[in-house]
Amino acid sequence: MQTEKQKLSLLSEKIAALLTFVKDRFDLHEGKEDEIETIVYIKKNVEFRGANLWILIFAIFVASVGLNVNSTAVIIGAMLISPLMGPIMGIGMGAGINDFELIKKSLKNLGIAVLISIMTSTLYFSFTPLNEAQSELLARTEPTIWDVLIALFGGLAGIIAGSRKEKSNAIPGVAIATALMPPLCTAGYGLATWNLYYFLGAFYLFFINSVFISLSTYLIVRFMGFPKKEFVDAQREKKVRNYITIFILLTVVPSIYLAYNIVRRTIWEKSAKEFVQTEFDFPSTQIVTSNYRYAPDSSVIEVALVGQRIPNDEISIIQKKTAAFKLNRTYLIVKQSGDSGMDMNTLRSDVLKDLYERNEAMIQDKDQKIAFLEREVAQYAASTGMVSDLAREARVNHSDLTSFSINRSVVANLTENRQDTIMVAIATFSDKPNVSEENRLKEWLKVRTKADSIALIVR
(Lines give C-alpha, C1' and ligand atoms only; values in the text may rest on other atoms or scores of the structure.)
Protein backbone atom coordinates (compact mmCIF):
# COMPACT_ATOMS: atom_id res chain seq x y z
CA MET A 1 0.00 0.00 0.00
CA GLN A 2 1.26 3.46 -0.91
CA THR A 3 1.45 5.98 1.88
CA GLU A 4 -0.14 9.45 1.57
CA LYS A 5 3.31 10.95 1.22
CA GLN A 6 4.15 8.65 -1.69
CA LYS A 7 0.86 9.47 -3.39
CA LEU A 8 1.48 13.20 -3.03
CA SER A 9 5.00 12.77 -4.36
CA LEU A 10 3.70 10.82 -7.36
CA LEU A 11 1.03 13.43 -8.03
CA SER A 12 3.61 16.22 -7.83
CA GLU A 13 5.79 14.40 -10.35
CA LYS A 14 2.87 14.02 -12.76
CA ILE A 15 1.94 17.70 -12.42
CA ALA A 16 5.57 18.70 -12.96
CA ALA A 17 5.78 16.47 -16.04
CA LEU A 18 2.54 17.99 -17.40
CA LEU A 19 3.78 21.53 -16.81
CA THR A 20 7.07 20.71 -18.50
CA PHE A 21 5.19 19.27 -21.47
CA VAL A 22 2.94 22.37 -21.74
CA LYS A 23 5.90 24.74 -21.35
CA ASP A 24 7.82 22.87 -24.05
CA ARG A 25 4.83 22.99 -26.41
CA PHE A 26 4.16 26.72 -25.92
CA ASP A 27 7.79 27.87 -25.72
CA LEU A 28 8.21 30.98 -27.90
CA HIS A 29 11.98 30.92 -27.63
CA GLU A 30 12.32 27.79 -29.75
CA GLY A 31 13.08 28.74 -33.35
CA LYS A 32 13.39 32.41 -32.38
CA GLU A 33 15.54 34.71 -34.48
CA ASP A 34 18.29 36.64 -32.72
CA GLU A 35 16.65 39.67 -31.06
CA ILE A 36 18.95 42.14 -32.79
CA GLU A 37 18.13 40.58 -36.19
CA THR A 38 14.39 40.89 -35.48
CA ILE A 39 14.80 44.55 -34.48
CA VAL A 40 16.78 45.23 -37.67
CA TYR A 41 14.12 43.38 -39.72
CA ILE A 42 11.31 45.55 -38.32
CA LYS A 43 13.35 48.76 -38.66
CA LYS A 44 13.92 48.03 -42.36
CA ASN A 45 10.16 47.88 -42.97
CA VAL A 46 9.45 51.17 -41.18
CA GLU A 47 10.73 53.53 -43.87
CA PHE A 48 8.34 54.80 -46.55
CA ARG A 49 10.28 56.06 -49.53
CA GLY A 50 10.99 55.02 -53.10
CA ALA A 51 9.56 51.64 -54.06
CA ASN A 52 7.68 51.21 -50.77
CA LEU A 53 5.80 54.45 -51.34
CA TRP A 54 4.86 53.59 -54.93
CA ILE A 55 3.72 50.11 -53.89
CA LEU A 56 1.50 51.74 -51.24
CA ILE A 57 -0.05 54.14 -53.77
CA PHE A 58 -0.77 51.38 -56.28
CA ALA A 59 -2.16 49.13 -53.52
CA ILE A 60 -4.48 51.96 -52.41
CA PHE A 61 -5.77 52.33 -55.98
CA VAL A 62 -6.37 48.56 -56.18
CA ALA A 63 -8.20 48.51 -52.82
CA SER A 64 -10.29 51.55 -53.80
CA VAL A 65 -11.38 49.84 -57.02
CA GLY A 66 -12.20 46.68 -55.04
CA LEU A 67 -14.35 48.65 -52.59
CA ASN A 68 -15.96 50.55 -55.46
CA VAL A 69 -17.02 47.39 -57.35
CA ASN A 70 -17.61 45.37 -54.14
CA SER A 71 -14.97 42.74 -54.98
CA THR A 72 -13.65 40.90 -51.92
CA ALA A 73 -10.91 39.16 -53.94
CA VAL A 74 -9.50 42.47 -55.22
CA ILE A 75 -9.52 43.97 -51.70
CA ILE A 76 -7.66 40.95 -50.30
CA GLY A 77 -5.09 41.22 -53.10
CA ALA A 78 -4.51 44.89 -52.29
CA MET A 79 -4.01 44.11 -48.60
CA LEU A 80 -1.44 41.45 -49.48
CA ILE A 81 0.79 43.94 -51.35
CA SER A 82 0.32 46.75 -48.83
CA PRO A 83 3.44 47.69 -46.78
CA LEU A 84 1.45 49.42 -43.99
CA MET A 85 2.33 46.87 -41.29
CA GLY A 86 5.97 48.02 -41.05
CA PRO A 87 5.68 51.35 -39.19
CA ILE A 88 2.84 50.08 -37.01
CA MET A 89 4.95 47.20 -35.70
CA GLY A 90 7.86 49.63 -35.47
CA ILE A 91 5.92 51.74 -32.94
CA GLY A 92 5.29 48.67 -30.76
CA MET A 93 8.89 47.54 -31.07
CA GLY A 94 10.19 50.99 -30.15
CA ALA A 95 7.93 51.12 -27.08
CA GLY A 96 8.98 47.60 -26.08
CA ILE A 97 12.75 48.26 -26.20
CA ASN A 98 12.63 51.93 -25.05
CA ASP A 99 13.86 53.16 -28.45
CA PHE A 100 12.40 56.66 -28.80
CA GLU A 101 14.13 57.25 -32.13
CA LEU A 102 12.38 54.19 -33.59
CA ILE A 103 9.02 55.35 -32.19
CA LYS A 104 9.42 58.82 -33.71
CA LYS A 105 10.61 57.43 -37.02
CA SER A 106 7.72 54.95 -37.15
CA LEU A 107 5.12 57.61 -36.25
CA LYS A 108 6.52 59.94 -38.91
CA ASN A 109 6.43 57.27 -41.62
CA LEU A 110 2.99 56.03 -40.56
CA GLY A 111 1.72 59.63 -40.77
CA ILE A 112 3.17 59.97 -44.29
CA ALA A 113 1.64 56.62 -45.32
CA VAL A 114 -1.80 57.55 -43.92
CA LEU A 115 -1.77 60.99 -45.56
CA ILE A 116 -0.77 59.61 -48.96
CA SER A 117 -3.27 56.75 -48.67
CA ILE A 118 -6.19 59.07 -47.90
CA MET A 119 -5.15 61.53 -50.63
CA THR A 120 -4.87 58.70 -53.19
CA SER A 121 -8.24 57.16 -52.33
CA THR A 122 -9.91 60.60 -52.22
CA LEU A 123 -8.54 61.31 -55.70
CA TYR A 124 -9.90 58.00 -57.00
CA PHE A 125 -13.38 58.38 -55.47
CA SER A 126 -13.60 61.98 -56.70
CA PHE A 127 -13.43 60.83 -60.33
CA THR A 128 -15.00 57.36 -60.34
CA PRO A 129 -18.47 57.24 -61.97
CA LEU A 130 -19.59 54.64 -59.36
CA ASN A 131 -20.63 56.74 -56.36
CA GLU A 132 -22.83 54.28 -54.46
CA ALA A 133 -21.41 52.90 -51.20
CA GLN A 134 -21.23 49.09 -51.51
CA SER A 135 -21.43 46.57 -48.65
CA GLU A 136 -17.63 46.07 -48.50
CA LEU A 137 -17.18 49.82 -48.03
CA LEU A 138 -20.01 50.19 -45.50
CA ALA A 139 -18.53 47.36 -43.41
CA ARG A 140 -15.57 49.65 -42.60
CA THR A 141 -17.63 52.54 -41.17
CA GLU A 142 -18.74 51.10 -37.80
CA PRO A 143 -15.80 49.69 -35.78
CA THR A 144 -16.60 47.69 -32.65
CA ILE A 145 -14.91 45.78 -29.83
CA TRP A 146 -14.60 42.79 -32.19
CA ASP A 147 -12.28 44.84 -34.40
CA VAL A 148 -10.20 45.48 -31.27
CA LEU A 149 -9.95 41.74 -30.62
CA ILE A 150 -9.06 41.00 -34.27
CA ALA A 151 -6.31 43.62 -34.22
CA LEU A 152 -4.98 42.39 -30.86
CA PHE A 153 -4.83 38.68 -31.73
CA GLY A 154 -3.73 39.38 -35.31
CA GLY A 155 -0.93 41.60 -34.04
CA LEU A 156 0.20 38.90 -31.60
CA ALA A 157 0.38 36.40 -34.46
CA GLY A 158 2.26 38.92 -36.62
CA ILE A 159 5.03 39.77 -34.16
CA ILE A 160 5.52 36.12 -33.17
CA ALA A 161 5.89 35.21 -36.86
CA GLY A 162 8.25 38.16 -37.39
CA SER A 163 10.51 37.00 -34.56
CA ARG A 164 11.07 33.53 -36.09
CA LYS A 165 14.17 32.47 -38.00
CA GLU A 166 11.94 31.18 -40.81
CA LYS A 167 9.44 33.88 -41.74
CA SER A 168 5.94 32.55 -42.45
CA ASN A 169 2.95 34.04 -44.28
CA ALA A 170 1.46 35.20 -40.98
CA ILE A 171 2.34 38.88 -41.44
CA PRO A 172 0.46 39.24 -44.78
CA GLY A 173 -2.35 37.27 -43.12
CA VAL A 174 -2.46 39.80 -40.28
CA ALA A 175 -2.69 42.62 -42.83
CA ILE A 176 -5.71 40.87 -44.36
CA ALA A 177 -7.42 39.96 -41.08
CA THR A 178 -7.02 43.40 -39.51
CA ALA A 179 -7.86 45.17 -42.79
CA LEU A 180 -5.44 48.09 -42.53
CA MET A 181 -5.90 49.44 -46.03
CA PRO A 182 -9.70 49.35 -46.72
CA PRO A 183 -10.49 51.74 -43.81
CA LEU A 184 -8.11 54.34 -45.26
CA CYS A 185 -9.77 53.94 -48.66
CA THR A 186 -13.18 54.30 -47.02
CA ALA A 187 -11.96 57.44 -45.26
CA GLY A 188 -10.96 58.77 -48.69
CA TYR A 189 -14.45 57.93 -49.96
CA GLY A 190 -15.92 59.89 -47.02
CA LEU A 191 -13.83 62.96 -47.97
CA ALA A 192 -14.65 62.64 -51.67
CA THR A 193 -18.41 62.46 -50.96
CA TRP A 194 -18.32 64.93 -48.02
CA ASN A 195 -19.62 62.24 -45.68
CA LEU A 196 -18.05 62.97 -42.29
CA TYR A 197 -19.67 59.89 -40.68
CA TYR A 198 -17.93 57.54 -43.12
CA PHE A 199 -14.62 59.37 -42.76
CA LEU A 200 -14.59 59.33 -38.95
CA GLY A 201 -15.85 55.72 -38.66
CA ALA A 202 -13.31 54.37 -41.15
CA PHE A 203 -10.42 56.38 -39.70
CA TYR A 204 -11.33 55.19 -36.21
CA LEU A 205 -11.21 51.58 -37.45
CA PHE A 206 -7.72 52.17 -38.84
CA PHE A 207 -6.74 53.80 -35.54
CA ILE A 208 -8.00 50.75 -33.61
CA ASN A 209 -6.03 48.38 -35.81
CA SER A 210 -2.85 50.45 -35.59
CA VAL A 211 -2.97 50.87 -31.80
CA PHE A 212 -3.63 47.22 -31.02
CA ILE A 213 -1.14 45.81 -33.50
CA SER A 214 1.42 48.09 -31.86
CA LEU A 215 0.25 46.97 -28.41
CA SER A 216 0.58 43.30 -29.44
CA THR A 217 4.11 43.95 -30.65
CA TYR A 218 4.93 45.74 -27.39
CA LEU A 219 3.59 42.87 -25.23
CA ILE A 220 5.46 40.12 -27.10
CA VAL A 221 8.70 42.12 -27.20
CA ARG A 222 8.53 42.61 -23.43
CA PHE A 223 7.48 38.98 -22.81
CA MET A 224 10.36 37.59 -24.88
CA GLY A 225 12.92 39.79 -23.15
CA PHE A 226 14.24 41.83 -26.08
CA PRO A 227 17.25 43.97 -25.06
CA LYS A 228 16.08 47.44 -24.02
CA LYS A 229 17.73 50.78 -24.40
CA GLU A 230 18.32 52.18 -20.95
CA PHE A 231 16.44 55.34 -20.04
CA VAL A 232 18.54 58.20 -18.78
CA ASP A 233 15.45 59.44 -16.95
CA ALA A 234 13.21 56.88 -15.20
CA GLN A 235 10.45 59.51 -15.08
CA ARG A 236 10.42 59.58 -18.88
CA GLU A 237 9.91 55.80 -19.04
CA LYS A 238 6.96 56.08 -16.69
CA LYS A 239 5.49 58.87 -18.83
CA VAL A 240 5.71 56.66 -21.96
CA ARG A 241 3.88 53.83 -20.18
CA ASN A 242 1.15 56.25 -19.11
CA TYR A 243 0.77 57.46 -22.69
CA ILE A 244 0.38 53.85 -23.88
CA THR A 245 -2.33 53.20 -21.25
CA ILE A 246 -4.23 56.38 -22.18
CA PHE A 247 -4.05 55.55 -25.89
CA ILE A 248 -5.45 52.06 -25.27
CA LEU A 249 -8.34 53.36 -23.13
CA LEU A 250 -9.22 56.07 -25.66
CA THR A 251 -9.31 53.39 -28.36
CA VAL A 252 -11.24 50.68 -26.51
CA VAL A 253 -14.03 52.63 -24.76
CA PRO A 254 -15.77 54.02 -27.90
CA SER A 255 -15.53 50.63 -29.62
CA ILE A 256 -17.24 48.91 -26.67
CA TYR A 257 -20.07 51.46 -26.83
CA LEU A 258 -20.48 50.93 -30.60
CA ALA A 259 -20.43 47.15 -30.18
CA TYR A 260 -23.10 47.38 -27.47
CA ASN A 261 -25.36 49.37 -29.78
CA ILE A 262 -24.79 46.95 -32.68
CA VAL A 263 -25.72 43.96 -30.49
CA ARG A 264 -28.87 45.76 -29.28
CA ARG A 265 -29.85 46.63 -32.85
CA THR A 266 -29.26 43.07 -34.08
CA ILE A 267 -31.40 41.61 -31.28
CA TRP A 268 -34.12 44.20 -31.95
CA GLU A 269 -34.20 43.49 -35.71
CA LYS A 270 -34.46 39.74 -35.10
CA SER A 271 -37.38 40.24 -32.69
CA ALA A 272 -39.05 42.75 -35.04
CA LYS A 273 -38.94 40.33 -38.00
CA GLU A 274 -40.30 37.52 -35.83
CA PHE A 275 -43.10 39.85 -34.65
CA VAL A 276 -44.11 40.76 -38.22
CA GLN A 277 -44.05 37.14 -39.42
CA THR A 278 -46.14 35.98 -36.46
CA GLU A 279 -48.70 38.76 -36.07
CA PHE A 280 -49.33 39.60 -39.73
CA ASP A 281 -50.12 36.06 -40.86
CA PHE A 282 -53.56 36.61 -42.47
CA PRO A 283 -55.17 34.34 -45.10
CA SER A 284 -56.44 37.18 -47.33
CA THR A 285 -53.78 39.82 -46.65
CA GLN A 286 -50.20 39.82 -47.81
CA ILE A 287 -47.15 41.77 -46.67
CA VAL A 288 -45.63 43.68 -49.58
CA THR A 289 -42.78 45.41 -47.77
CA SER A 290 -41.51 45.65 -44.20
CA ASN A 291 -38.97 48.22 -43.03
CA TYR A 292 -37.20 48.25 -39.66
CA ARG A 293 -35.65 51.44 -38.26
CA TYR A 294 -33.87 51.04 -34.95
CA ALA A 295 -33.10 53.83 -32.50
CA PRO A 296 -32.28 53.43 -28.79
CA ASP A 297 -35.18 55.64 -27.69
CA SER A 298 -37.77 55.19 -30.47
CA SER A 299 -37.74 52.38 -33.06
CA VAL A 300 -40.20 51.95 -35.93
CA ILE A 301 -41.64 48.92 -37.74
CA GLU A 302 -43.30 49.89 -41.01
CA VAL A 303 -45.44 47.33 -42.84
CA ALA A 304 -47.23 47.73 -46.20
CA LEU A 305 -50.15 45.36 -46.85
CA VAL A 306 -52.33 44.43 -49.83
CA GLY A 307 -55.53 42.42 -49.88
CA GLN A 308 -58.35 42.41 -47.35
CA ARG A 309 -58.10 45.41 -45.03
CA ILE A 310 -57.29 44.83 -41.38
CA PRO A 311 -59.52 46.87 -39.02
CA ASN A 312 -57.86 49.60 -36.95
CA ASP A 313 -58.98 47.90 -33.72
CA GLU A 314 -57.07 44.77 -34.66
CA ILE A 315 -53.99 46.81 -35.58
CA SER A 316 -54.15 48.43 -32.12
CA ILE A 317 -54.23 44.97 -30.53
CA ILE A 318 -51.20 43.93 -32.62
CA GLN A 319 -49.35 47.10 -31.53
CA LYS A 320 -49.82 46.11 -27.88
CA LYS A 321 -48.22 42.72 -28.57
CA THR A 322 -44.83 44.32 -29.23
CA ALA A 323 -44.08 44.07 -25.50
CA ALA A 324 -44.35 40.26 -25.69
CA PHE A 325 -41.51 40.30 -28.27
CA LYS A 326 -39.39 42.61 -26.07
CA LEU A 327 -39.82 45.45 -28.56
CA ASN A 328 -39.96 48.25 -26.01
CA ARG A 329 -40.40 51.81 -27.31
CA THR A 330 -41.20 50.41 -30.76
CA TYR A 331 -43.95 51.98 -32.86
CA LEU A 332 -45.90 50.19 -35.56
CA ILE A 333 -46.90 51.89 -38.83
CA VAL A 334 -49.27 49.89 -41.04
CA LYS A 335 -50.02 51.03 -44.59
CA GLN A 336 -52.84 49.31 -46.45
CA SER A 337 -54.02 49.54 -50.06
CA GLY A 338 -56.58 52.34 -50.31
CA ASP A 339 -55.05 54.51 -47.57
CA SER A 340 -54.68 58.19 -48.53
CA GLY A 341 -51.03 58.20 -47.51
CA MET A 342 -50.23 55.05 -49.47
CA ASP A 343 -47.90 55.70 -52.41
CA MET A 344 -49.43 53.50 -55.10
CA ASN A 345 -46.44 53.85 -57.44
CA THR A 346 -44.13 52.62 -54.69
CA LEU A 347 -46.60 49.84 -53.88
CA ARG A 348 -46.76 48.68 -57.49
CA SER A 349 -42.98 48.78 -57.67
CA ASP A 350 -42.69 46.70 -54.48
CA VAL A 351 -45.28 44.17 -55.69
CA LEU A 352 -43.53 43.80 -59.04
CA LYS A 353 -40.18 43.44 -57.28
CA ASP A 354 -41.60 40.75 -54.98
CA LEU A 355 -43.14 38.88 -57.93
CA TYR A 356 -39.91 39.16 -59.89
CA GLU A 357 -37.83 37.78 -57.01
CA ARG A 358 -40.24 34.88 -56.49
CA ASN A 359 -40.36 34.07 -60.20
CA GLU A 360 -36.58 34.31 -60.37
CA ALA A 361 -36.28 31.78 -57.54
CA MET A 362 -38.77 29.45 -59.26
CA ILE A 363 -36.92 29.74 -62.58
CA GLN A 364 -33.59 28.97 -60.90
CA ASP A 365 -35.14 25.93 -59.21
CA LYS A 366 -36.55 24.69 -62.52
CA ASP A 367 -33.24 25.31 -64.28
CA GLN A 368 -31.47 23.19 -61.67
CA LYS A 369 -34.02 20.37 -62.11
CA ILE A 370 -33.71 20.55 -65.93
CA ALA A 371 -29.91 20.45 -65.70
CA PHE A 372 -30.09 17.42 -63.40
CA LEU A 373 -32.47 15.59 -65.76
CA GLU A 374 -30.27 16.44 -68.76
CA ARG A 375 -27.28 14.93 -66.98
CA GLU A 376 -29.27 11.80 -66.16
CA VAL A 377 -30.46 11.46 -69.79
CA ALA A 378 -26.91 12.00 -71.08
CA GLN A 379 -25.58 9.33 -68.72
CA TYR A 380 -28.33 6.94 -69.79
CA ALA A 381 -27.65 7.57 -73.49
CA ALA A 382 -23.92 7.10 -72.95
CA SER A 383 -24.41 3.84 -71.07
CA THR A 384 -26.90 2.58 -73.68
CA GLY A 385 -24.44 3.25 -76.50
CA MET A 386 -21.66 1.69 -74.46
CA VAL A 387 -23.43 -1.68 -74.03
CA SER A 388 -22.99 -2.83 -77.64
CA ASP A 389 -19.34 -1.77 -77.74
CA LEU A 390 -18.56 -3.53 -74.48
CA ALA A 391 -20.41 -6.67 -75.56
CA ARG A 392 -18.40 -6.96 -78.79
CA GLU A 393 -15.09 -6.31 -77.00
CA ALA A 394 -15.91 -8.83 -74.25
CA ARG A 395 -16.81 -11.45 -76.88
CA VAL A 396 -13.24 -11.24 -78.23
CA ASN A 397 -11.83 -12.42 -74.88
CA HIS A 398 -14.75 -14.67 -73.89
CA SER A 399 -15.96 -16.66 -76.91
CA ASP A 400 -18.72 -18.42 -74.92
CA LEU A 401 -20.44 -15.07 -74.13
CA THR A 402 -23.94 -15.07 -75.69
CA SER A 403 -25.55 -11.90 -74.22
CA PHE A 404 -24.38 -8.92 -72.21
CA SER A 405 -25.99 -5.99 -70.38
CA ILE A 406 -24.57 -3.22 -68.19
CA ASN A 407 -26.10 -0.21 -66.50
CA ARG A 408 -25.88 1.98 -63.41
CA SER A 409 -28.11 0.96 -60.54
CA VAL A 410 -29.04 2.63 -57.24
CA VAL A 411 -28.50 0.43 -54.17
CA ALA A 412 -30.07 1.25 -50.79
CA ASN A 413 -27.54 0.58 -48.02
CA LEU A 414 -29.87 -0.29 -45.12
CA THR A 415 -27.04 -0.68 -42.62
CA GLU A 416 -25.66 2.84 -43.09
CA ASN A 417 -29.00 4.37 -44.18
CA ARG A 418 -27.69 5.82 -47.46
CA GLN A 419 -27.82 5.22 -51.20
CA ASP A 420 -24.96 4.15 -53.46
CA THR A 421 -24.64 3.99 -57.24
CA ILE A 422 -23.01 0.88 -58.67
CA MET A 423 -22.39 -0.60 -62.11
CA VAL A 424 -24.34 -3.85 -62.59
CA ALA A 425 -23.32 -6.16 -65.46
CA ILE A 426 -25.24 -9.28 -66.52
CA ALA A 427 -23.34 -11.78 -68.68
CA THR A 428 -24.82 -14.97 -70.17
CA PHE A 429 -22.49 -17.77 -71.33
CA SER A 430 -23.21 -20.93 -73.35
CA ASP A 431 -20.92 -22.78 -70.95
CA LYS A 432 -20.65 -21.51 -67.37
CA PRO A 433 -17.17 -19.96 -66.96
CA ASN A 434 -14.85 -20.79 -64.10
CA VAL A 435 -14.06 -18.36 -61.25
CA SER A 436 -10.82 -17.19 -62.87
CA GLU A 437 -12.61 -16.20 -66.08
CA GLU A 438 -15.34 -14.39 -64.15
CA ASN A 439 -12.76 -12.38 -62.20
CA ARG A 440 -10.91 -11.54 -65.43
CA LEU A 441 -14.12 -10.22 -66.99
CA LYS A 442 -14.95 -8.25 -63.87
CA GLU A 443 -11.51 -6.58 -63.66
CA TRP A 444 -11.61 -5.76 -67.38
CA LEU A 445 -15.01 -4.09 -66.95
CA LYS A 446 -13.74 -1.98 -64.04
CA VAL A 447 -10.84 -0.72 -66.14
CA ARG A 448 -12.97 -0.24 -69.27
CA THR A 449 -15.83 1.62 -67.57
CA LYS A 450 -13.58 3.43 -65.04
CA ALA A 451 -15.97 2.34 -62.29
CA ASP A 452 -14.84 1.91 -58.69
CA SER A 453 -16.74 -1.36 -58.35
CA ILE A 454 -18.69 -3.72 -60.60
CA ALA A 455 -21.47 -6.11 -59.62
CA LEU A 456 -21.19 -8.99 -62.12
CA ILE A 457 -24.06 -11.47 -62.49
CA VAL A 458 -23.15 -14.56 -64.54
CA ARG A 459 -25.81 -16.86 -66.00
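Biologist: How far apart do the end C-alpha atoms of residues 107–125 lie?
Modeller: This is a predicted model, so the value is computed from its atoms. The span is 100% helix and 0% strand. Its end C-alpha atoms lie apart by 27 Å.

Biologist: Which annotation covers residues 107–125 and residues 51–69?
Modeller: Over residues 51–69 the chain is 100% helix and 0% strand, with end C-alpha atoms 27 Å apart. An unreviewed UniProt entry lists both spans, along with 75–95, 145–163, 170–191, 197–221 and 242–260. The name given in that record is "transmembrane region".

Biologist: How many helices and strands does the protein have?
Modeller: Helix H3 covers 51–69, and helix H11 covers 196–223. Strand S5 covers residues 418–429. In the whole protein, the count is 15 helices and six strands.

Biologist: What share of the residues is buried?
Modeller: Buried here means under 20% relative accessible area. The protein has 459 residues. The buried share is 37%.

Biologist: Which residues have the most contacts inside the largest nonpolar core?
Modeller: This core has 45 residues. Helices H2 (35–44), H3, H4 (72–81), H5 (85–96), H6 (100–127), H10 (181–192) and H11 each give two or more residues to it. Those with the most contacts inside the core are Leu84, Met93 and Met181.

Biologist: Which residues does Leu84 touch, leaving out those up to four places away in sequence?
Modeller: Contact means heavy atoms within 4.5 Å. With those sequence neighbours not counted, Leu84 touches Phe48, Leu56, Ala113, Leu180, Met181, Leu184 and Phe206.

Biologist: How many residues are in the other core, the one with Phe404?
Modeller: That core lies apart from the 45-residue core. Among its members are Phe404, Leu445, Ala451 and Ile454. Its count is 16 residues.

Biologist: In what order do the three strands of the open sheet lie?
Modeller: The pairing in this sheet is mixed. Strands S1 (285–293) and S3 (330–336) each pair on one side only, as edge strands. Neighbouring strands are turned by 20° against each other on average, direction ignored. The order is S1-S2-S3.

Biologist: How many bridges join S1 to S2?
Modeller: Strand S2 spans residues 299–307 and runs antiparallel to S1. Thr289 stands opposite Ala304, and Arg293 has Val300 as its bridge partner. A hairpin of five residues connects the two strands. The bridges number eight.

Biologist: Is Gln336 buried or exposed?
Modeller: Gln336 lies in strand S3. Its relative accessible area is 3%. The cut-off for a buried residue is under 20%, so Gln336 is buried.

Biologist: Which backbone atom does the side chain of Gln336 reach?
Modeller: The distance is 2.7 Å. The partner residue is Ile310. The atom reached is its backbone nitrogen.

Biologist: Which residue takes a positive phi in the hairpin of S4 and S5?
Modeller: Strand S4 (residues 401–413) pairs with S5 in the antiparallel sense over twelve bridges. Ile406 has Ala425 in S5 as its bridge partner. Four residues lie between the strands. The one with a positive phi, near 55°, is Asn417.

How values were computed:
Residues numbered from 1 in each chain as written. Predicted model: local features only at pLDDT ≥ 70, side-chain atom pairs only at ≥ 80, totals over all residues. Heavy atoms only, no water. Pairing = 2+ DSSP bridges. Axes fitted to C-alpha atoms, helices over the stretch in contact; angles between N-to-C directions. Core = buried A, V, L, I, M, F, W, Y, C linked by side-chain atoms within 4.5 Å. Buried < 20%, exposed > 50% of the residue type's maximum accessible area, 1.4 Å probe, protein only. UniProt positions renumbered as here; feature names shortened; annotations may be inferred. Polar contact = N/O pair within 3.5 Å; in protein donor to acceptor, adjacent residues only side chain to side chain.
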